[in-house]
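Hi,

Here is the structure I said I would pass on. Have a look first, and my notes on what turned up are below.

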Amino acid sequence: MKKKIFALSLALILALSLAACGGKDSGGSAPADTQPPADSAPADTQAPADSAPAETVKLSVAASPTPHAEILKQCVDILKEQGIELVVNEYSDYVVPNTAVEDGDEDANYFQHVPYLDNFNAERGTHLVSVAGVHIEPMGLYAGNSASLDAIPDGGKVAVPNDPTNEGRALLLLEAQGLIKLKDSSNLEATPNDIAENPKNLEFVELEAANVPANLDEVDIAAINSNYALGAGLNPVEDALVIEAADSPYVNILVVKEGNENNEAVQALVKALQSDTVKDYINNTFGGAVVPAF
């Protein structure tokens with residue numbers, strides 16, 4: 001009897017022992033391909049990290065108030081859509097806009113033509129280059145104390161810009177009207193010293209281009225750049241006695257320092273300035289006093 005009890009007890013202990021071992025095996029971790037790690041999710045279900053917003057690029061451009069700054073302002077919204085903030089800074093002279101670009105205070109400027117730029121670089125040792133032609137501002141001759149070219153008296157006074165290229169331009173316009181004859185009509189930098197014939201003995205009053213309109217009542221006639229004529233309330237098409245033809249070689253240009261020609265923001269501005277939006281604005285706003293060159 002004791003042997004039977006002992007045998008049954010031994011069998012029961014052995015059975016419990018085997019059951020415990022089996023439970024341990026079934027409670028182990030599942031194979032890797034059926035159970036992902038608890039602390040991670042499948043790659044295609046994880047939310048991507050938030051990307052940083054694109055940084056706005058600032059482009060600073062120096063310009064004459066009229067018409068250059070006005071034209072540039074038509075590009076503000078065009079560039080804004082591309083993440084570029086166009087800042088237009090107005091200058092009333094023809095020197096600081098160039099030195100500001102040379103010194104890095106401005107990214108670009110828009111106020112001059114190629115002959116003026118070439119002369120400025122040669123005289124000042126600057127490193128400025130044109131990246132795009134935008135418009136032409138025909139120079140005109142305006143009445144001061146003489147109501148017409150025929151009414152100019154002997155010894156009459158003529159106001160002309162005193163910077164090299166615009167003075168030569170004014171003298172060429174006077175020559176085209178038969179008022180003077182130059183020694184060399186191909187010299188774009190002619191001065192009164194280069195006049196070969198002056199039948200009316202005209203006296204030339206050389207002034208900064210920006211100051212010519214304010215001195216109209218001091219002279220018989222004046223040669224005025226269209227941007228300064230517009231700024232003085234003159235309409236070049238209606239008020240000028242004569243005006244340059246629309247095929248004038250003096251195209252106003254966008255200028256940067258050498259090496260920045262391919263800057264993405266600058267190239268975006270070039271496309272904006274040469275867009276149909278700007279062309280239509282020029283034609284509709286200035287009525288021929290400013291002519292698109294693209």
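Let me begin with the largest pocket, whose lining splits by class into eight nonpolar, three polar and five charged residues. Before you read anything into that, keep in mind that this is a predicted model. The space in the pocket comes to about 260 Å³. It has 16 lining residues, and those closest to its centre are Tyr94, Val95, Tyr116, Asn162 and Asp163. Which element gives the largest share of this lining? That would be helix H5 (residues 114–124), with five residues.

H5 deserves a look for its own sake. Its buried residues are Pro115, Tyr116, Leu117, Asn119, Phe120 and Asn121, so two asparagines sit under the 20% cut-off for relative accessible area. Among the elements that cover the buried residues of H5 are helix H4 (96–102), strand S3, strand S4 (128–136), helix H6 and strand S12 (251–257). Right after the helix comes Gly125, with a positive phi near 70°.

Now the cavity. The structure holds one of 30 Å³ or more, and its volume is about 90 Å³. The lining is made up of Tyr94, Phe111, Gln112, His113, Tyr116, Glu137, Asn166, Arg169, Asn225, Asn227 and Asn252. Two elements, strand S3 (108–113) and helix H6 (164–176), give two or more residues each to that lining. S3 has the largest share, with three residues. By class, the cavity lining has three nonpolar, six polar and two charged residues. Tyr94 and Tyr116 are worth clicking on, as they are listed in the cavity lining and also among the residues closest to the centre of the largest pocket.

On to the sheet that caught my eye. Five strands form an open sheet with mixed pairing, in the order S9-S6-S10-S5-S11. Strand S9 (203–207) and strand S11 (242–243) are at the edges with a single partner strand each, so each has one side without a neighbour in the sheet. S9 pairs with strand S6 (residues 157–161) in the parallel sense, over five bridges. If you want a place to start looking at that pair, Val158 stands opposite Phe204 in S9. What lies across this part of the sheet? H6 does: it crosses strand S5 (140–143), S6, S9 and strand S10 (221–224), and runs at about 140° to S6.

Two backbone details are also worth checking:

- The peptide bond from Thr66 to Pro67 is cis, with omega near 0°. Pro67 is in helix H2 (residues 65–73).
- Asn201 has a positive phi of about 50°, although it is not a glycine. You will find Asn201 in the loop between strand S8 (195–197) and S9. Is Asn201 buried, exposed or partly exposed, and what is its relative accessible area? Asn201 is partly exposed, at 47%.

Finally, the overall picture. The protein chain has 10 helices and 13 strands. Of its 294 residues, 41% count as buried. Taking the contacts in the chain with a separation of 6 or more, 74% are between residues 24 or more positions apart.

Over to you!

Note on methods:
Residues are numbered from 1 along each chain as its sequence is written. This is a predicted model: local features need pLDDT of at least 70, side-chain atom pairs count only at pLDDT 80 or more; totals for chains, interfaces and linings use all residues. Side-chain values use heavy atoms; hydrogens and water are left out. On a 1 Å grid over the protein atoms alone, a cavity is a set of points where a 1.4 Å probe fits but cannot get out, and a pocket is an open set with protein on both sides within 12 Å along at least five of seven lines; lining residues have an atom within 4 Å of a point. Grid points are joined across faces, edges and corners, and a volume is the space filled by probe spheres set on the points. Helices (H or I, at least four residues) and strands (E, at least two) are DSSP runs, numbered from the N terminus. Ala, Val, Leu, Ile, Met, Phe, Trp, Tyr, Cys and Pro count as nonpolar, Asp, Glu, Lys and Arg as charged, and the others, Gly among them, as polar. Two strands pair if DSSP finds at least two bridges between them. Contact means heavy atoms within 4.5 Å. Axes are lines fitted to C-alpha atoms, for helices over the stretch in contact, and angles run from 0 to 180 degrees between N-to-C directions. Buried means under 20% relative accessible area, exposed over 50%, partly exposed in between (1.4 Å probe, protein chains only).
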